[in-house]
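Student: Please take one part of this chain and go through it closely. I would like to see how it sits among its neighbours.

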Amino acid sequence: MSNLPSSYALVTGGSSGMGLEYVKQLADKGYCVIIVALRQEEADPVAAAMAAAHPTQDFVAIGELTDAHVLLEINKHWLYWLCLALND
């Protein structure tokens, strides 16, 4: 598993404007990115486009950060990535 990216980032407002630019720049530097937007349908296309451009990295789309289920989803991804890194 030595091909795992070494860094991860969470970008709020990642579906447009400066947030989207941060997502792109972080992806270009090899980061896996959790993309948070107000609505899921805004984050999904960004994550899909980033995954197509950077197939060896993980991109997760999250909408409505105030929903408890969404926070659990973020924790699930962070724990998964942490386990991968620890088991490398």
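Tutor: What follows is a walk along strand 2, the loop after it and helix 2. The model is predicted.

Strand 2 spans residues 32–37, and six of its six residues are buried. In a regular strand the side chains alternate between the two faces of the sheet. Here both faces are covered. Cys-32, Ile-34 and Val-36 are buried on one side, and Val-33, Ile-35 and Ala-37 are buried on the other.

Strand 2 also has strand partners. Strand 1, residues 8–12, pairs with strand 2 in the parallel sense, over five bridges. Within that pairing, Val-11 has Ile-35 as its bridge partner. Strand 3, residues 59–63, runs parallel to strand 2 and is joined to it by five bridges. In strand 3, the residue opposite Ile-35 is Ala-61. Ile-35 is thus a point of reference for both pairings, with Val-11 in one and Ala-61 in the other.

The connections through helices come next. Helix 1, residues 17–28, forms a right-handed β-α-β unit with strand 1 and strand 2. Helix 2, residues 40–53, forms a right-handed β-α-β unit with strand 2 and strand 3.

The loop between strand 2 and helix 2 contains Arg-39. Arg-39 counts as partly exposed because its relative accessibility is 42%, and the range for that class lies between 20% and 50%. Arg-39 and Glu-64 lie 25 residues apart in sequence, yet their C-alpha atoms are 5.6 Å apart. Leaving aside residues up to four places away in sequence, Arg-39 touches Gly-63 and Glu-64. The side chain of Arg-39 also makes a polar contact of 2.6 Å with the side chain of Glu-42.

Helix 2 itself has 14 residues, and the distance from its first C-alpha to its last is 20 Å, close to the 20 Å expected at 1.5 Å a residue. Its buried residues include Ala-43, Val-46, Ala-47 and Met-50. These four lie on the same side of helix 2 because they cover an arc of only 100 degrees around the axis. On the other side of helix 2, Glu-41 and Ala-52 are exposed. The packing partners of the buried residues of helix 2 are helix 1, strand 2 and strand 3.

Taken together, strand 2 is covered on both faces and is paired with strand 1 and with strand 3, while strand 2 is also among the elements against which the buried residues of helix 2 pack.

Conventions:
Residues numbered from 1 in each chain as written. Predicted model: local features only at pLDDT ≥ 70, side-chain atom pairs only at ≥ 80, totals over all residues. Heavy atoms only, no water. Buried < 20%, exposed > 50% of the residue type's maximum accessible area, 1.4 Å probe, protein only. Helix = DSSP H or I, 4+ residues; strand = E, 2+ residues; numbered from the N terminus. Pairing = 2+ DSSP bridges. Right-handed = clockwise from strand over helix to strand, strands pointing away. Expected span 1.5 Å × (residues − 1). Arc of directions from axis to C-beta. Contact = heavy atoms within 4.5 Å. Polar contact = N/O pair within 3.5 Å; in protein donor to acceptor, adjacent residues only side chain to side chain.
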